[in-house]
Amino acid sequence: MLENRRAAVLGSPIAHSLSPVLHRAAYRELGLSGWTYDRFEVDEAGLPDFFKHLGEDGGPAWAGFSVTMPLKRAVIPLLDEITDTAASVEAVNTVVFADDGRRLGDNTDIPGMLAALHERGVGRVERAAVLGAGATASSALAALSRICDGEVTAYVRSEARAAEMRQWGERLGVAVRTADWNDAAEALGAPLVIATTPAGTADALAASVPDRPGALFDVLYEPWPTPLAAAWAARGGPVVGGLDLLVHQAVLQVEQMTGLAPAPLAAMREAGHAALRAR
């Protein structure tokens, strides 16, 4: 039995986060009865002070944190080391406290995306399309850098966003072509489409899903399925959803924080589904 530890998710807003549900389910399956996982509402301005006072309450030692928006970049200066994966997108979603007290940062979103795709039978593709250009889109490009042999087309709403995506492509070694959002229906013919837009943004594209679609990765998980995902599945194309990503990245977090592997993927996924059904 590992000694009692605590972990938490940090971000703002944080009340909606499923991370406590997933991590607590893992602790139950792993027999870590003395481990706790909570959530803390922390914004960028308050993050340094939060870290400064860690451990002052005399509770169990910290195992680590899950880090969500808007803190994925803001947390980096507070860490002792970050992985190459996190550095590649300038974003940390996982902080682990080493035995010597060092704070180590990683990004499990990128390998989580790849694991979620692999689970649905999606391996290498000759080209891909990305809908949107936010923080998740850069992680999508990082994942595609490992499985896409050809060009990635990013559909965006402004030239500023287009320039950002081209810059990320250069940094990550991905051939990125940008296109206007008004032409986003063209994206649906790609062998792999990754939708990273907010809820509702891509709904109108559901009417343009081809008869024999490739694979769709829609990073949303609530409400689910999205109209695009439902139309895609109705035409027989493989669909990866936001809960798949959330669970796979959390699996990697649990393994890093506890040192126990494999983490209980099935139990964590079922806990996530149950929590969403209860909302």
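This passage describes the salt bridges, aromatic pairs, one helix–helix contact and some backbone features of a predicted model.

Side chains of opposite charge can pair when their charged atoms come close. In the model, 18 salt bridges are counted. One of these joins the side chains of Arg6 and Asp57, with a nitrogen-to-oxygen distance of 2.7 Å. This pair links distant parts of the chain, since Arg6 belongs to strand 1 (residues 5–11) whereas Asp57 is placed in the loop between helix 2 (47–52) and strand 3 (61–67), 51 residues apart. The two partners also stand in opposite classes of accessibility: Arg6, at 9% relative accessibility, is buried because its value falls under 20%, while Asp57, at 57%, is exposed because its value is over 50%.

A salt bridge within a helix is formed by Glu164 and Arg161, whose side chains meet at 3.4 Å, N to O. Both residues are part of helix 6 (residues 159–172), where a spacing of three residues corresponds to about one turn of the helix. Glu164 is partly exposed, with a relative accessibility of 35%, and Arg161 is likewise partly exposed, at 37%. A further salt bridge, at 2.9 Å from N to O, connects the side chains of Arg277 and Glu270; here Arg277 is exposed, with a relative accessible area of 58%, and Glu270 is partly exposed, at 41%. In addition, Glu119, Arg120, Asp244 and Arg269 are joined into one network by salt bridges that share partners.

Aromatic side chains contribute eight ring pairs in the model. In the pair made by Trp62 and Phe65, the ring centres lie 4.8 Å apart and the planes meet at 45°, so the arrangement is classed as tilted. Both residues are buried, with Trp62 at 12% relative accessibility and Phe65 at 0%. Trp62 and Phe65 also belong to one aromatic cluster, which is formed together with Phe40, Phe50, Phe51 and Phe97.

Helix 6, which carries the salt bridge between Glu164 and Arg161, also packs against another helix. The axes of helix 5 (residues 135–147) and helix 6 come within 10 Å and cross at roughly 35°, and the crossing is right-handed. On the side of helix 5, the contact is made by Ala137, Ser138, Leu141, Ala142 and Ser145, and on the side of helix 6 by Met165, Trp168, Gly169 and Leu172. When these residues are sorted by class, the contact comprises six nonpolar and three polar residues, with no charged residues.

Several backbone features are also found in loops. A cis peptide bond, with omega of about 0°, joins Trp224 and Pro225, and Pro225 is placed in the loop between strand 11 (215–218) and helix 7 (227–234). The peptide bond from Ala261 to Pro262 is also cis, with omega near 0°; Pro262 lies in the loop that runs between helix 8 (242–258) and helix 9 (265–278). Glu90, a residue other than glycine, has a positive phi value, near 50°. The position of Glu90 is in the loop between helix 3 (84–89) and strand 5 (94–97), and with a relative accessible area of 30% this residue is partly exposed.

Methods. Residues numbered from 1 in each chain as written. Predicted model: local features only at pLDDT ≥ 70, side-chain atom pairs only at ≥ 80, totals over all residues. Heavy atoms only, no water. Salt bridge = Lys/Arg side-chain N within 4 Å of Asp/Glu carboxyl O. Helix = DSSP H or I, 4+ residues; strand = E, 2+ residues; numbered from the N terminus. Buried < 20%, exposed > 50% of the residue type's maximum accessible area, 1.4 Å probe, protein only. Phe/Tyr/Trp six-rings, centres within 6.5 Å; stacked < 30°, edge-to-face > 60°. Axes fitted to C-alpha atoms, helices over the stretch in contact; angles between N-to-C directions. Left-handed = near helix turned anticlockwise from the far one by under 90°. Contact = heavy atoms within 4.5 Å. Nonpolar A, V, L, I, M, F, W, Y, C, P; charged D, E, K, R; others polar.
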